[in-house]
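This briefing covers annotated sites, residue environments, chain symmetry and sheet architecture. Each topic is taken up in turn below.

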There are 4 protein chains.
Amino acid sequence: MALTIRCRHYTRNFESPRYLLPNTYIILRLDGRSFTRFTASHNFQKPNDPRALNLMNASATETLKAIPEIPIAYGISDEFSFLLPRECSLFDRREEKLVSTVVSTFTGWYVLLWSRYFTGEGGNLRSPPSFDCRAVCYPSVGNVRDYFAWRQVDAHVNNLYNTAFWALVNRGEVGRREAEAELRGTFAADKNELLFSRFGINYNNEPEMYRKGSVVYRDYRIPEDEDAAATATQEQKERAQETKETTAVPKVKSKRQIEKETKHARRARIVTEYVDIIGDEFWVKRPWLLGSEN
Amino acid sequence: MALTIRCRHYTRNFESPRYLLPNTYIILRLDGRSFTRFTASHNFQKPNDPRALNLMNASATETLKAIPEIPIAYGISDEFSFLLPRECSLFDRREEKLVSTVVSTFTGWYVLLWSRYFTGEGGNLRSPPSFDCRAVCYPSVGNVRDYFAWRQVDAHVNNLYNTAFWALVNRGEVGRREAEAELRGTFAADKNELLFSRFGINYNNEPEMYRKGSVVYRDYRIPEDEDAAATATQEQKERAQETKETTAVPKVKSKRQIEKETKHARRARIVTEYVDIIGDEFWVKRPWLLGSEN
Amino acid sequence: MALTIRCRHYTRNFESPRYLLPNTYIILRLDGRSFTRFTASHNFQKPNDPRALNLMNASATETLKAIPEIPIAYGISDEFSFLLPRECSLFDRREEKLVSTVVSTFTGWYVLLWSRYFTGEGGNLRSPPSFDCRAVCYPSVGNVRDYFAWRQVDAHVNNLYNTAFWALVNRGEVGRREAEAELRGTFAADKNELLFSRFGINYNNEPEMYRKGSVVYRDYRIPEDEDAAATATQEQKERAQETKETTAVPKVKSKRQIEKETKHARRARIVTEYVDIIGDEFWVKRPWLLGSEN
Amino acid sequence: MALTIRCRHYTRNFESPRYLLPNTYIILRLDGRSFTRFTASHNFQKPNDPRALNLMNASATETLKAIPEIPIAYGISDEFSFLLPRECSLFDRREEKLVSTVVSTFTGWYVLLWSRYFTGEGGNLRSPPSFDCRAVCYPSVGNVRDYFAWRQVDAHVNNLYNTAFWALVNRGEVGRREAEAELRGTFAADKNELLFSRFGINYNNEPEMYRKGSVVYRDYRIPEDEDAAATATQEQKERAQETKETTAVPKVKSKRQIEKETKHARRARIVTEYVDIIGDEFWVKRPWLLGSEN
């Protein structure tokens with residue numbers, strides 16, 4: 001057994017965990033692996049399969065339930081980004097733990113909830129999908145806002161392209177290669193025009209979930225009275241203000257304070273919306289999402 | 001859109017992937033998160049639930065199928081360790097990709113295969129488990145052997161303890177606290193004796209899956225004729241020998257060569273055995289598992 | 001030669017540079033190695049040797065000249081901290097390059113300038129000192145301010161202790177062990193009292209360089225007219241304001257802009273002061289030191 | 001002061017040292033920064049200035065004296081590579097400490113010893129050079145051998161080119177641009193021929209220090225009797241053999257054992273040779289340099 005103890009000590013010594021820089025936002029982005037094959041073998045509708053997108057959103061919602069530290073997540077297609085606040089100390093900010101726990105939780109729910117969304121004949125999940133996941137630190141509110149703006153612009157660009165592409169293929173009876181060739185080098189206006197003139201599709205009438213992606217977040221506002229948000233979040237604002245006024249050293253929260261906040265987070269409704277997150281409005285109205293610096 | 005491109009560029013710049021040191025073995029170890037709660041809420045039998053262990057093994061087997069680069073995995077309780085060979089270049093050895101893909105693949109299969117093992121009433125999976133996962137590099141064959149030895153000794157130590165503990169609790173009608181107190185400070189011999197004298201259990205007759213853990217690996221040997229292993233693995237041996245004789249610079253493998261090997265790996269049977277991996281015999285008989293330096 | 005190219009490629013592949021997180025301040029802190037031995041063998045006066053401190057400051061000044069990206073440095077005893085601004089892209093923020101270049105530049109000047117400060121008999125440098133160096137990222141202005149506050153408080157605490165200790169040893173003719181024992185558990189007030197009552201030393205009259213440490217920074221103000229600072233730094237302020245008003249994406253600076261700024265930095269006077277950097281005043285009056293967020 | 005303690009704790013938390021993977025060789029390579037300018041302003045002879053090379057070698061020698069863990073270093077031009085053995089635990093293998101200490105020690109000696117090599121008029125060191133430094137891990141003896149082979153081949157290739165280039169410029173009275181153009185695309189044989197036919201230079205008669213670089217290492221052999229090496233290193237061999245026969249877990253060395261070895265290392269002669277390190281001979285005859293796996 002002496003050998004064992006020596007072995008254990010020596011062997012563990014090779015582990016070299018990476019702790020993410022304190023006082024920075026952490027974004028964990030997961031992304032479907034080999035999803036072209038996965039969606040083909042499970043007959044996903046193109047360009048968007050609402051069952052699949054709703055399943056992604058439901059899995060993200062469960063991930064927020066499982067990890068109360070996450071205030072907001074944003075999803076498009078087969079990817080989802082989860083935000084952790086700058087003062088987060090989950091797993092001591094150990095990168096591998098954060099990455100693996102989020103992706104494992106999400107995947108588990110995706111498979112468990114599959115049959116709720118893919119019903120009927122041929123809806124069986126034959127083999128589970130897998131997702132990869134990465135962690136990225138962003139030091140400022142501006143960086144985080146830019147990150148989400150980048151993803152939502154990407155959502156728009158990709159969806160407009162895919163809508164046009166699959167209109168050509170599905171309705172225009174054009175081969176994939178020809179559709180690709182036709183779209184090469186076109187601008188947004190061209191694609192809008194093509195959709196309208198050839199297929200009578202007004203892109204702006206497409207479902208918002210497709211055009212804007214899905215924002216899943218904790219909503220501390222009282223549901224019936226959205227204007228009461230200011231009141232409901234008074235506490236958060238005060239905390240934010242306080243922090244701002246003093247030094248950058250985060251208040252050392254008591255254990256009770258942390259428990260209280262976690263309980264609070266657990267109780268908050270988790271909502272899914274398809275809204276603009278590039279502009280200021282969304283964030284200004286929900287000041288608890290980004291915290292003090294906002 | 002110009003903004004977007006600038007944004008994208010700037011925003012991606014915060015990503016800082018870690019590439020694991022070349023020419024080292026990589027072990028990816030996943031581990032159930034909050035499994036005490038999970039096993040309680042799903043009524044796992046104690047100390048060992050064969051349904052749960054077989055489900056772990058089946059999920060590991062599917063993970064090996066999904067990732068042909070993995071030659072061997074070893075599991076105990078709610079953890080599993082996957083080995084990648086030292087010349088592995090999967091995902092360019094990018095840590096996050098390796099960690100997240102393995103844990104996501106494993107979790108997906110665990111949930112999907114659940115109902116095959118947990119049948120009957122009350123067998124429903126109410127919420128999926130999650131696993132965390134870490135990557136550790138080991139520079140030498142000796143280090144890898146030590147790693148597996150460490151895990152198997154741990155399996156033994158834990159299982160002997162748990163067997164005694166649950167015998168006291170389940171059959172001895174002793175409270176958990178008393179059981180703990182009784183076992184504190186005892187040696188292996190004491191626990192063996194306790195099991196035998198008080199409960200008539202000969203620990204050595206306990207199932208090998210419980211005592212030794214599960215070894216899941218690709219078996220290149222011809223099934224009917226185990227002695228033919230030498231022949232079957234002649235190719236591997238030659239390759240190993242060749243490499244040994246020359247420099248440490250790995251042969252640059254042609255794309256065709258890699259495809260051939262992957263195909264070969266995909267075709268190999270994946271077997272599950274409950275055997276000693278501390279001694280030399282297991283490894284010497286399966287020279288393809290650790291490669292050239294063995 | 002083909003071998004060489006393969007070798008080179010494979011061999012370089014083991015390098016795994018770490019790039020420090022963008023948009024964070026970087027502090028490079030160097031620290032004398034085995035300085036107890038070094039100061040003893042070169043007869044440093046205790047508790048403070050002005051020759052040694054002035055040599056440290058001169059070496060830091062030369063380091064600022066050599067690396068125009070550094071706006072400010074702070075030194076106490078045998079350590080010096082150099083700040084790099086959050087938008088710094090020197091060496092692509094590669095950690096090893098930053099750490100090694102700063103410590104090498106500093107050490108080189110320390111040895112070259114030695115004879116200017118240690119003159120007279122017995123002043124020869126027998127063997128050069130060495131310094132270690134580390135890089136730390138700080139995401140916010142508040143964090144950087146806290147860092148410098150921490151170092152200056154340390155300077156104070158250490159110097160008060162050392163002043164009392166060496167007064168006891170040098171003038172009180174007390175052995176080192178006794179001096180240590182006498183100071184154990186004392187508060188600042190006790191040490192002040194001891195210095196005054198036993199040795200007639202008013203600690204507040206000790207040289208500011210000893211009590212406050214040395215601040216070495218680029219001064220963009222017009223020397224004759226300190227109030228003109230506001231004017232002189234108008235450019236910086238405007239830039240800061242601009243940045244604040246827009247997104248967090250740094251303006252992509254033209255090559256010409258960077259060259260202009262570097263030239264500007266090279267021209268600025270580098271001054272050494274022994275002043276308080278814990279309060280706001282120092283920083284508010286020199287808004288270019290911490291940049292836009294201040 | 002309570003603030004201070006909180007500050008200190010919080011502020012130190014941002015430090016994130018990187019520990020280099022155990023059981024791997026570490027090579028620390030330093031490299032002159034902006035040496036073109038430095039050598040021009042100090043009138044280095046071209047293509048090789050023996051004063052500068054001898055100064056590099058002397059500085060490396062002092063670095064080996066200062067850090068007894070280093071068995072061997074190899075230098076060419078303005079770069080030097082220092083090897084640390086795979087069992088090295090200096091600074092707990094903390095990267096920044098290793099990198100900064102080696103480069104600082106080397107730079108200090110370079111400046112201090114300058115006047116010993118650059119004598120006479122105009123020999124003054126006007127401003128010190130600086131070096132950057134990086135750490136790279138290599139898991140196997142083969143990798144280390146490849147590394148040194150790579151550097152020595154580079155030394156050869158560069159020196160042959162430079163010899164031809166400066167012959168054209170200095171003796172052929174050709175402009176630098178023309179010299180460059182003339183050498184573009186030529187092979188080694190062409191350059192040898194050019195040197196011989198145009199300038200009567202037989203490249204193989206050039207000094208070995210220029211052609212092979214400088215090997216600085218600890219020599220445990222008894223000076224008078226080189227054949228006695230086998231005897232002298234018997235101890236090392238036995239240790240190597242022992243290690244080989246058992247597991248990869250390094251013997252836990254007693255403090256006394258480590259002290260003994262360090263003392264042994266300090267006593268060993270440090271020699272400088274200009275010899276081939278690509279082939280096996282050099283390493284086979286000095287088995288203590290690479291340790292057990294050799």
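In which helix of chain D does T101(D) lie? T101(D) belongs to helix α4, which covers residues 95-117 of chain D. The model is predicted, and the points below describe that model.

**T101(D) and its surroundings**
- T101(D) counts as buried because its relative accessibility is 1%, and buried means under 20%.
- The side chain of T101(D) reaches the backbone oxygen of K97(D) at a distance of 2.7 Å.
- Not counting residues up to four places away in sequence, T101(D) touches R33(C), S130(C), F131(C) and D132(C) of chain C.
- With the same neighbours left out of the count, T101(D) also touches I67(D) and F91(D) within chain D.

**Annotated binding sites in chain A**
- An unreviewed UniProt entry carries the annotation "binding site" for D31(A) and D78(A).
- These two residues span 48 residues in sequence, yet no two of their C-alpha atoms are more than 5.8 Å apart, so they gather at one spot.
- A "binding site" annotation from UniProt (unreviewed entry) also covers D31(A), G32(A) and D78(A).

**D31(A)**
- D31(A) is located in strand β1 of chain A, residues 25-32.
- The relative accessible area of D31(A) is 25%, so this residue is partly exposed.
- Leaving aside neighbours within four places in sequence, D31(A) is in contact with D78(A) and E79(A), and with S130(A), F131(A) and D132(A).

**D78(A)**
- D78(A) sits in the loop between β2 (72-76) and β3 (79-84) of chain A.
- D78(A) is buried, because its relative accessible area is 15% and the cut-off for buried is under 20%.
- Residues up to four places away in sequence not counted, D78(A) touches L30(A), D31(A), G32(A), F35(A), M56(A) and F131(A).
- The contact list of D78(A) thus includes D31(A) and G32(A), both of which are covered by the UniProt annotation.

**Relation between chains A and B**
- A turn of 180° with a shift of 0.0 Å along the axis lays chain A on chain B, with an RMSD of 0.0 Å.
- The two copies are therefore related as by a two-fold rotation axis.
- The same surface serves both copies, since 100% of the contact residues of chain A recur in chain B.

**Sheet in chain C**
- Six strands of chain C form an open sheet with antiparallel pairing, in the order β4-β1-β3-β2-β5-β6.
- The edge strands β4 (131-138) and β6 (269-273) of chain C each pair on one side only.
- On average, neighbouring strands of this sheet are turned by 20° against each other, direction ignored.
- Strands β1 (residues 25-32) and β3 (residues 79-84) of chain C pair in the antiparallel sense over six bridges.
- The bridge partner of D31(C) in β3(C) is E79(C).
- Helix α3 of chain C, residues 50-66, packs on the sheet and touches β2 (72-76), β3, β4, β5 (214-219) and β6 of chain C.
- The direction of helix α3 of chain C makes about 30° with that of β5(C).

Conventions:
Residues numbered from 1 in each chain as written. Chains lettered and ligands numbered in written order. Predicted model: local features only at pLDDT ≥ 70, side-chain atom pairs only at ≥ 80, totals over all residues. Heavy atoms only, no water. UniProt positions renumbered as here; feature names shortened; annotations may be inferred. Helix = DSSP H or I, 4+ residues; strand = E, 2+ residues; numbered from the N terminus. Buried < 20%, exposed > 50% of the residue type's maximum accessible area, 1.4 Å probe, protein only. Contact = heavy atoms within 4.5 Å. Polar contact = N/O pair within 3.5 Å; in protein donor to acceptor, adjacent residues only side chain to side chain. Least-squares fit on C-alpha atoms with pLDDT ≥ 70 in both. Pairing = 2+ DSSP bridges. Axes fitted to C-alpha atoms, helices over the stretch in contact; angles between N-to-C directions.
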